[in-house]
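Reader: Could you take me through one part of this model up close? I'd like to start with a bit of the surface and then follow the chain inward from there.

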Amino acid sequence: AKVTRRGGDHDLFFCPREGCRNDEQAKEEAAILGLLSLTPALPHERKLPEPYRTTWLNSVAAMKEVANASSSGGGRSGGGQ
């Protein structure tokens, strides 16, 4: 028989950057971050209600900034401009 193990090494934890009003909203925000980690290229903002749409768009923008900073060599901007 095949043994399946849940939890432990397979768990993903997401913590919203900003505080939430209650536990339910915190769970929803964390779920949005989880969805973003699994399907970052899909346009989920088309179907999400506020405030989750804003959370999604801000998170996508932050991911793009991090990717651009890491591809430009260390994340420092400025220089000779």
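Author: Sure, let's start on the outside. Leu-12, Phe-14 and Leu-38 make a nonpolar surface patch of about 320 Å². Keep in mind that this is a predicted model.

Take Phe-14 from that trio. Phe-14 sits in the segment before helix 1, the helix that runs over 23-38. Its relative accessibility is 31%, so Phe-14 goes down as partly exposed. The cut-offs behind that label are under 20% for buried and over 50% for exposed. Phe-13 is in the segment before helix 1 too, and with a relative accessible area of 73%, Phe-13 is exposed. If you want a distance to check on screen, try the C-alpha atoms of Phe-13 and Gly-34: they are 8.1 Å apart, with the two positions 21 residues apart along the chain.

Gly-34 takes us into helix 1, as one of its buried residues. The others on that list are Gln-25, Glu-29, Ala-30, Ile-32, Leu-33 and Leu-36. A bit of helix geometry is handy here: an α-helix has 3.6 residues a turn, so residues three or four places apart point the same way. What do the buried residues of helix 1 pack against? They pack against helix 2, which covers 52-71.

As for the helix itself, helix 1 has 16 residues, and from first C-alpha to last it reaches 23 Å, close to the 22 Å expected at 1.5 Å a residue. At its start, a side-chain oxygen of Asn-22 comes to within 3.2 Å of the backbone nitrogen of Glu-24.

Now for two places where you can see the packing residue by residue. The first is Ser-59, over in helix 2. Ser-59 counts as buried because its relative accessibility is 13%. Setting aside neighbours within four places in sequence, Ser-59 is in contact with Leu-33 and Leu-36, and both of those are on the buried list for helix 1.

The second is Gln-25, which belongs to helix 1. It has a relative accessible area of 18%, so Gln-25 is buried. Leaving out neighbours within four places in sequence, Gln-25 touches Cys-20, Pro-51 and Tyr-52. The C-alpha atoms of Gln-25 and Tyr-52 are separated by 9.5 Å, and the two residues are 27 apart along the chain.

Pro-51 deserves a pause before you set anything up. It lies in the loop between helix 1 and helix 2, and the peptide bond from Glu-50 to Pro-51 is cis, with omega near 5°. For context, most peptide bonds are trans.

Zooming out, the secondary structure comes to two helices and zero strands. Of the 81 residues in the chain, 17% are buried. The accessible surface of the chain comes to about 7,200 Å², and carbon and sulfur atoms account for 51% of it. Among contacts with a separation of 6 or more, 21% are between residues 24 or more positions apart.

Conventions: Residues numbered from 1 in each chain as written. Predicted model: local features only at pLDDT ≥ 70, side-chain atom pairs only at ≥ 80, totals over all residues. Heavy atoms only, no water. Patch = residues over 30% accessible without salt bridge, like charges linked within 9 Å, V, L, I, M, F, W, Y side chains within 5 Å. Areas by Shrake-Rupley, 256 points an atom, 1.4 Å probe, with all protein chains shown as cover. Salt bridge = Lys/Arg side-chain N within 4 Å of Asp/Glu carboxyl O. Helix = DSSP H or I, 4+ residues; strand = E, 2+ residues; numbered from the N terminus. Buried < 20%, exposed > 50% of the residue type's maximum accessible area, 1.4 Å probe, protein only. Expected span 1.5 Å × (residues − 1). Contact = heavy atoms within 4.5 Å. Polar contact = N/O pair within 3.5 Å; in protein donor to acceptor, adjacent residues only side chain to side chain.
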